[in-house]
Amino acid sequence: MAGNGAFIEFQELTKVFHDHRNHATPVVEPLSISIAEGEFVVFVGPSGCGKTTVMRMVGGLETPTTGRVLIKGQEVEGPSREKGMVFQSYSSFPWLTVLGNVRFGLKYRRDLPDTEKDRIARHYVDLVGLTPFSDYYINRISGGMRQRVAIARTLAADPLVLLMDEPFGALDALTRERLQLQLLQLRNAERKTVIFVTHDVDEAVFLSDRIIVFSARPARVLRDVQVSAELPRERTMEIVETPAFRKLRREVLALIRDEELRTEAAEVAAAS
Amino acid sequence: MPASRDRAAWRDIFTFRAPPRADLEVWLGIGAFVFVLVVWTLTTGLGIVQPQFLPSPLAVVSAWIRLIEDADYLTHIWISIARVWAAFLISAVMAIPLGVLMSSYRGIGAVSEPLIDFVRYLPVPALVPLTLIWLGIGESSKIALLWIGTFFQLVLLIADDARRVPKEFIETGRTLGAGDVALMKDVLLRAMLPNMVDSLRITLGWCWTYLLVAEIVASNSGIGYELWTARRYGKTPEVFSGILTIGLIGLISDQVIRFLHRRAFRYLG
């Protein structure tokens, strides 16, 4: 689904960083991608490749140097409630309870009465399974629960697109697995379009409908992998053992590995 | 064998980065106080030091009790406390918004920070003549001096507290639809509040230092004035009493703020 029908559209998007000496570093090369409504797209690539920068440009937290991002035909011009963001850490506010954090997602909605805000907040706390912890402060709950709070808060704000920047990166393997499954359930229930950044290839294949593999900096698309064409929509942990999963995993990993070796060789050459 | 275990525990708290032992540490703290008192009592009691230089603890305490019972002295204490709090509150009311704005808008920071940093390094006592020339010997010159001594330090501490708020908090607020004012009020101030209260507490302590400067140089009231007058008449126990009073007020207000801090920010625990 390309062209005008796309839900999110990157049009010749570029980003150049300038350091204090005005030395220019291109971070993102002209990038044109279309994302369909409801698609779960994972960005992977070598560390520091600019995948997070691309996602932040969708969120309006970073301004493109040239080009633009369109969401439903509207140009992104800064952060707003339409683009919900979940970060790796410091996602939830320690001065608020679990429920207070989720309710914060609705704080700036003038169109909703307080009772409705309470109802929605409780609904999303329940959806991530944290109702028994509603009145707990953030520092009292585990890292995994904190990320669930952040996800619930973002969903409560009812964004058009959910942007997730390595949200499970700081969690242990078992917790991560559980949250991945829960995220897929939530996403199926909420029908959200998701852009998810990770460096964990297993996670990428497991979660995605589609993986975009980025090159080393400056980021360009190395490959656009249609995972949904090879894996069923319903995912369980068992899928990890299937040949299709392993093939995808191997393919993506090889691309990133080659890219990292190539950049390292280039860096060594430049240094010597 | 509790005796040998006790000995081991005492030895353990003197090993490098040992785990805390609150019970033993309290005793060490009390012991240090007792030690100083004993040494003090001995040096005065044995006549090693003349009483006009160092009066005995007993003489100091009896002088202190005599002073505290005197309504005049209490008035002086209240005057000093009022001066400190007036200056401190004026500093805080000005420093908090300015510090937050300095850290939030690069332009405001760029304009104000070098200037404030410069004033901060000026020795406050050197400004006493100026405050006297400009404002006379009334209350305003003393409060101005305390304000100079604290405001410029405090504003930089507040700006630092605001800068330490994780970027993710701000960006989360933004993506949930908060504007600049809402971000500062609902996210930035809330996130920095525990550190800010600490900064205020530290600054309050500095206020007392500058108060003494102000009251000794140009005043006819306040603890500093009393202390200086006692010195003029060679009443060393009264001088010590003044020091003791200031120390106690400092200690009490500090502990009260710490206690309130723990109560108010229990969510951090």
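**Two chains, taken apart by question**

Colleague: Of the contacts in chain B with a separation of 6 or more, what percentage comes from residues 24 or more positions apart?

Modeller: This is a predicted model, where local features need pLDDT of at least 70 and side-chain atom pairs count only at pLDDT 80 or more, while totals for chains, interfaces and linings use all residues. Residues are numbered from 1 along each chain as its sequence is written, with chains lettered from A and ligands numbered from 1 in the order in which they are written. Two residues are in contact if their C-beta atoms, placed from the backbone, lie within 7 Å. For chain B, the share from residues 24 or more positions apart is 67%.

Colleague: How many helices does chain B have?

Modeller: Helices (H or I, at least four residues) and strands (E, at least two) are DSSP runs numbered from the N terminus. Chain B has zero strands, and its helix count is 11.

Colleague: What is the radius of gyration of chain B?

Modeller: The radius is taken over C-alpha atoms, and the globule rule is 2.2 Å times the number of residues to the power 0.38. For 269 residues the rule gives 18 Å; chain B is well over that, so it is more spread out than a compact globule. Its radius of gyration is 24 Å.

Colleague: Which strands stand at the edges of the open sheet in chain A?

Modeller: Two strands pair if DSSP finds at least two bridges between them. Six strands of chain A form this sheet, with mixed pairing, in the order S7-S8-S9-S4-S10-S11. Each edge strand has a single partner, so one side of it is left without a neighbour in the sheet; these strands are S7 and S11 (221–225).

Colleague: Which residue in S11(A) is the bridge partner of Val213(A)?

Modeller: Strand S10 (residues 210–214) of chain A runs antiparallel to S11(A), and four bridges join them. In S11(A), the partner of Val213(A) is Arg223(A).

Colleague: Which helix gives the largest share of the largest nonpolar core?

Modeller: A nonpolar core is a set of buried Ala, Val, Leu, Ile, Met, Phe, Trp, Tyr and Cys residues joined through C-beta atoms within 7 Å; buried means 20 or more other C-beta atoms within 10 Å of a residue's own, again placed from the backbone. The largest core has 120 residues, and those touching the most other members include Val213(A) and Leu146(B). The largest share, 13 residues, comes from chain B, from helix H9 (residues 180–217).

Colleague: Which strand gives the most to the side of chain A that touches chain B?

Modeller: On chain A, 22 residues are in contact with 16 residues of chain B. With three residues, the strand that gives the most is S7 (residues 83–86).

Terms used. A residue is buried if 20 or more other C-beta atoms lie within 10 Å of its own, exposed if 12 or fewer, and partly exposed in between; C-beta atoms are placed from the backbone.
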